[in-house]
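Here's a quick tour of two spots worth a look: the surroundings of the ligand and one of the sheets. Have the viewer open as you read.

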Amino acid sequence: MKIKFSIIFFIIFLGFNLFIYAKTNILIKQTDSIILEKTNKDNIISTDKKEEKYIAPFQKLLNIRNEIIMNSIAINSKFNVKNDSHYFANTFLQNGTLTLWYRKPAKIWEEALPVGNGRLGAMVFGGVDVERLQINEDTLWSGGPYNPINPEARNALPYIRKLIFDGKYRDASKLIDEKVIAIPKKQMSYQPVGDLILNFPTPDGEVENYQRKLDLDTAVITTNYTINNVYYTREVFSSPVDQVIVMKLNADKPKHINFKITIDSPQQAIINIENDNELLMDGKNSEEHNVKGKLNFQMRARVIPQNGIISHDNKYIQVRDADSALIIVAVATSYKNFNDVSGNPSAITKQQLADAANKNFDELLSNHIREHQRLFRRVSIDIGSNHSIQLPTDERIKNFPDADDPQFVSLYFQYARYLLISSSRPGSQPANLQGIWNDKTNPPWGSKYTININTEMNYWPAEAANLSECVEPLILMIKDLSITGAKTAKEMYNARGWVVHHNTDLWRATAPIDGARWGMWPTGGAWLCIHLWDHYEFTQDENFLKRIYPIIKGAALFFIDTLVEDPKTHYLVTNPSISPENNHPFGTSVCAGPTMDNQILRDLFTNCITASNILKADDDFRKELEKKLSSLAPNQIGKNGQLQEWLEDWDLEAPEQTHRHISHLYGLFPSWQITPDETPNLAKAAIITLNTRGDMSTGWAIAWRINCWARLFDGNRALMIMKHLFSPTRTYPNMFDAHPPFQIDGNFGAASAIIEMLLQSRRIIKENVTSDCFLIHLLPALPTTWQDGSVKGLRARGGFEIDIKWEKGKLNNAVIHSLKGKPCLIRYNNTTINMHLPAGKSKVIDSDLLKK
Ligand code: FUC
């Protein structure tokens, strides 16, 4: 009886799934044929697949197609059915691989999904009763222009230097805290604008088929559900074209859109209603650490229902029985630059809203998608996939350490590209510790720019991931810092050039902060300059080099004036400095000439020398730099065989053997001073250091370690460590990196590591002689489990665009496209070939060519 029942149940179950599967396929095919027809008719996609012209109706069809697939997955996973069918997997691969999706609304901030246009961001919660859009604008920080330089620093520094050379590190540290650390001791912090809150009537039926998702390819967040057979949809995006956040609420039956909307904010602000359909918030930023708030800001949200009734009291706008509703949000502050807060936020938001409201939703959406895809679609990646792609994103994160889910690595990589495009675009501020997404008035580390690793890490993947434009805000911030930092160089050190210590903020503060252990590090600006150089290396744009040469020269000048001779070793060293945040055995981190400083300065001086050669400028300065360069301390190997962190071999006695910062490994990554092929002994020493420090750390620190293992050509170790990073302790449900707490650097650092596993590129420098030839290394650290795959559109130093395809763990072919006509060497495994393509030409290399 029991067996009979089981068989009948099994047949019904099988039948149901076959029915779902068949229905899915029919629906998918139907939408596919409409899409195809529409594509042909409108000739939407040009044959060279360059900049696709995207139009809204086409996009809607694609959305419907995704919907069908998603719903079917939801039904199947409810019944615990694994759907491995080839057709199903393929259709999903084309459409769902670039999606973060969930079966429940976000309860906490780290479950909400981010949108951003570089400047204006929102975290979308997707609630059914209450929708919350937590909003940020990237110039809303506390304080105003201020000068934090400690006037006692200049007189105290010579004495501090002597204490350090005499080995009296604690005394030096104490004196730094008293006389050198900035006033105030802390910098200003990044602030949230407020929340747009929508209250919906209590559902009069069961909420079914709930789903919310972020489509990385369109940069649109969609929330869908059904109540009493009415299908509700919400779409949210932040448009880089129209400079507004747009939300559309829709129901598939007329008169079903009902809600009340208001603004809530932790800032000092007044909320009003204007023109019967606009919520208005006027606010002032806060004072912090005795620095007065000098900014005004305004948020303006217009509610545009289709049909229905709109009314308001003095706090809420209410929409009843509408067919759909459009909400457009503009935010601006009075920030013009670090020294000028005279902007008119009200005029800006009025204009932005008026311009945006002149367009219909489809136009706003297609503008947004076209501009997003111009950047996003430059790179595609496929390192394999399996049934895991059918699971919601939070479940994939839970499974990642134990499951084989290579597609999650691709998703993580593309999510990082999405986050960079959304938090750093021409005209915006650079991505801070949280990109642009922050809900707290007192965020961790002020959500500032920490430049002893974090800000640089944000931009590690940018150039190679073909998002060169997204580096522009960083370039402009460095330019600002060269101005504020010149004052600090003069007033604190009586030096030429410019200096920034380990942190900065919206006001481009450059003095050392927090305390000697963290802040007494003069090399932050020099490290940032490596990104200016890298932008040149990838683009080979000589006009750009001309523009930034005075900035990198200024950074070098500061060290020409402040490097001092170490009495014991006679090397030229920084003093005072620290190896970022890591205490040595003498009770502080304060020291002279830590390894990282020597490495950064070696890069800075080398880049300056190369630049002056290319630009045929500054012969005397170049000669002076060459002399200084040869007097810097070399990388040294200590008594444990490790790469030495300090000038003296203190490493084994340092209190925190597994410290998160691996500053002296700057030489291995991001720099090229240590490589397994050219400096094998130093590479071995770096391995000992990495093993001592351990694989597990904070989010960003794990990401740094993965990049290092990729540079050591150990793809399996890199992937193993990635499993720590892509697990729930280091990745939140919304895929934000967990330091913890949330810090975006880990997202970007991991994306950089994924690139480093697949492609490495560098300028060839032999025995201190810089050549004009570049080495492009294909698949240098491919993990054995990534058997088949491809990546398209990566950039390499020297001005190249590269596609790589591999099969059964081996290179199948690569396309090298030269943008600037520079000579290069192409390496795969132990073979290297020469190549010199004219600008604009491509060459396909297959594995046979590399065997010869
Ligand atoms: C550095 C790191 C911390 C944190 C902070 C923002 O100070 O040591 O771990 O990431 O920056």
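## Around the ligand

Sorted by class, the shell around the ligand comes out as three nonpolar, five polar and two charged residues. Keep in mind that this is a predicted model. The residues surrounding the ligand are L433, W445, T450, N454, E581, R660, H661, W700, H739 and Q743.

## Polar contacts and burial

Three of those side chains are worth zooming in on. H661 has a side-chain N or O atom 2.6 Å from an oxygen atom of the ligand. For H739, the distance from a side-chain N or O atom to a ligand oxygen is 2.7 Å. Then there's Q743, with a polar side-chain atom sitting 2.9 Å from an oxygen atom of the ligand. As for cover, the ligand would expose 290 Å² taken alone, and the protein buries 97% of that.

## A four-stranded sheet

Now swing over to an open sheet of four strands, ordered β24-β25-β29-β30, where the pairing is mixed. At its edges are β24 (759-766) and β30 (831-836), each of which pairs on one side only. On average, neighbouring strands here are turned by 30 degrees against each other, ignoring direction.

Strands in a sheet pair through backbone hydrogen bonds, in either a parallel or an antiparallel way. Which way do β25 and β29 run? Strand β25 (residues 769-778) and strand β29 (residues 823-828) run parallel, with five bridges joining them. To find your place along β29, look for R827: H777 stands opposite that residue.

Definitions and conventions
Residues numbered from 1 in each chain as written. Predicted model: local features only at pLDDT ≥ 70, side-chain atom pairs only at ≥ 80, totals over all residues. Heavy atoms only, no water. Near = heavy atom within 4 Å. Polar contact = N/O pair within 3.5 Å; in protein donor to acceptor, adjacent residues only side chain to side chain. Areas by Shrake-Rupley, 256 points an atom, 1.4 Å probe, with all protein chains shown as cover. Nonpolar A, V, L, I, M, F, W, Y, C, P; charged D, E, K, R; others polar. Pairing = 2+ DSSP bridges. Helix = DSSP H or I, 4+ residues; strand = E, 2+ residues; numbered from the N terminus. Axes fitted to C-alpha atoms, helices over the stretch in contact; angles between N-to-C directions.
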